[in-house]
There are 6 protein chains.
Amino acid sequence: MPFVNIKITNDGVTSEKKAELIAGVTKLLQQVLGKNPATTVVIIDEVSTDNWGIGGEQVTARRKRGV
Amino acid sequence: MPFVNIKITNDGVTSEKKAELIAGVTKLLQQVLGKNPATTVVIIDEVSTDNWGIGGEQVTARRKRGV
Amino acid sequence: MPFVNIKITNDGVTSEKKAELIAGVTKLLQQVLGKNPATTVVIIDEVSTDNWGIGGEQVTARRKRGV
Amino acid sequence: MPFVNIKITNDGVTSEKKAELIAGVTKLLQQVLGKNPATTVVIIDEVSTDNWGIGGEQVTARRKRGV
Amino acid sequence: MPFVNIKITNDGVTSEKKAELIAGVTKLLQQVLGKNPATTVVIIDEVSTDNWGIGGEQVTARRKRGV
Amino acid sequence: MPFVNIKITNDGVTSEKKAELIAGVTKLLQQVLGKNPATTVVIIDEVSTDNWGIGGEQVTARRKRGV
């Protein structure tokens, strides 16, 4: 029954990679906490680098600076 | 003053249906808890079926399998 | 399969009232969008009035002022 | 290390305004709580006015009514 | 730079198990998407079974019924 | 009408500091985006350092190591 929300930058992650993430997190919750995979929900949010800030700065700007 | 976030799969829900959801949840909070509808906020997130997993699997894949 | 998060102030809401909210939101999503109640998840967060602000002010302070 | 999520309506906010928000929130957390800006994360969600409700009504409808 | 939020029921999960979850999710994001573990943030929320509903019913009630 | 969620570690932040955060974020949204402070909502979540991970490790463990 766990609920997992994963936020990543919007960098063209393929559907296959998303499937791997969903399978992997679900398996981890089963292995570590014994959670039933059938009712584990995972939602992936892809966020524009203009809308994601770290260090007081947009990720877009950081990447331009090569950080 | 409640805040409600509703996440659903991105299946072309009409604006009218969204309006019904917003009105319905707001009314429910008023009826059950006496909350003031004027300050109740509802946000609906529509999520791609590639980004939503249950049972360790993408909803996209489940639907293809007819689950 | 919808996921609903309801945030309310921490005012001693009874377990019965929470059960009503959960049942009501689940039914609403079934009626409006045809969602399967069996996989609808609802999580209620109760938030201290010190940690909830509106109008630039804590709810604690607003209540003291009778707003 | 704080994490901040800002949800606003999807009104064509410029990248420059988003950068100002990110810088401003990060600075505020440093000034008020002494938090390290290097590890402060800010995510801005832009939400369609059809998907945002207040007072039991979509923001789209409220704006049409001039509220 | 990913941000992960894991919501589980409040069942006395040990600090060691939480550490395993945090390490496991961080490693998964590195393996699947090449994300830098140093800036991956994971937050675990533990939710009362009175505040978690599935199938229109509190988890507390489901467990009493042996579901 | 913006909604802001601030997550910080649970380090005994005073009510006064929380009030400053709420006032500051609300003012920032007014200054940068012209948002109406009357309907700006801010919710602060305080998270145990056992439940917060960065770099694949609990904040509790990092602090013990002096990081």
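**Exercise 1. Which rotation superposes chain E on chain A, and with how much shift along its axis?**

*Before you start.* This is a predicted model, in which local features need pLDDT of at least 70, side-chain atom pairs count only at pLDDT 80 or more, and totals for chains, interfaces and linings use all residues. Residues are numbered from 1 along each chain as its sequence is written, chains are lettered from A and ligands numbered from 1 in the order in which they are written, and side-chain values use heavy atoms, with hydrogens and water left out.

*Solution.*
- Step 1. Two copies of a chain are related by a rotation about an axis and a shift along it.
- Step 2. Chain E falls on chain A after a rotation of 180° with 0.0 Å of shift along the axis, and the RMSD is 0.0 Å. The fit is by least squares on the C-alpha atoms of residues with pLDDT of at least 70 in both copies.
- Step 3. This is the relation of a two-fold axis.
- Step 4. Within chain E, the residue closest to the rotation axis is E:Asn5, with its C-alpha at 2.6 Å.
- Step 5. Of the interface residues of chain E, 100% are also interface residues in chain A, so the copies meet through the same surface.

**Exercise 2. Work out the strand order of the open sheet that holds β1(A) and β1(E).**

*Solution.*
- Step 1. Strands here are DSSP runs (E, at least two residues), and helices are runs of H or I with at least four; both are numbered from the N terminus. Two strands pair if DSSP finds at least two bridges between them.
- Step 2. Walk across the 8 strands: β4(B)-β3(B)-β2(A)-β1(A)-β1(E)-β2(E)-β3(F)-β4(F), with mixed pairing.
- Step 3. At the edges stand β4 (57–58) of chain B and β4 (57–58) of chain F; each has a single partner strand, so one side of each lacks a neighbour in the sheet.
- Step 4. Now look at β1 of chain A and β1 of chain E, both residues 3–9: they pair in the antiparallel sense over 5 bridges. In this pair, A:Val4 stands opposite E:Ile6.

**Exercise 3. Find the strands that helix α1 of chain A lies across.**

*Solution.*
- Step 1. Helix α1 (residues 15–33) of chain A lies across β1 and β2 (41–47) of chain A, β3 (52–54) and β4 of chain B, and β1 of chain E.
- Step 2. The helix runs at about 140° to β2(A). Axes are lines fitted to C-alpha atoms, for helices over the stretch in contact (heavy atoms within 4.5 Å), and angles run from 0 to 180 degrees between N-to-C directions.

**Exercise 4. Describe how α1(A) and α1(E) pack.**

*Solution.*
- Step 1. Their axes come within 10 Å and cross at roughly 160°.
- Step 2. The two helices are therefore roughly antiparallel to each other, a label for angles over 145 degrees.
- Step 3. α1(A) passes α1(E) in a right-handed crossing, where the near helix is turned clockwise from the far one by less than a right angle.
- Step 4. Residues making the contact include A:Leu21, A:Val25 and A:Leu28 of α1(A), and E:Leu21, E:Val25 and E:Leu28 of α1(E).
- Step 5. By class, the contact has 12 nonpolar, 2 polar and 4 charged residues. Ala, Val, Leu, Ile, Met, Phe, Trp, Tyr, Cys and Pro count as nonpolar, Asp, Glu, Lys and Arg as charged, and the others, Gly among them, as polar.

Technical notes. Parallel < 35°, antiparallel > 145°, perpendicular 65-115°, else oblique.
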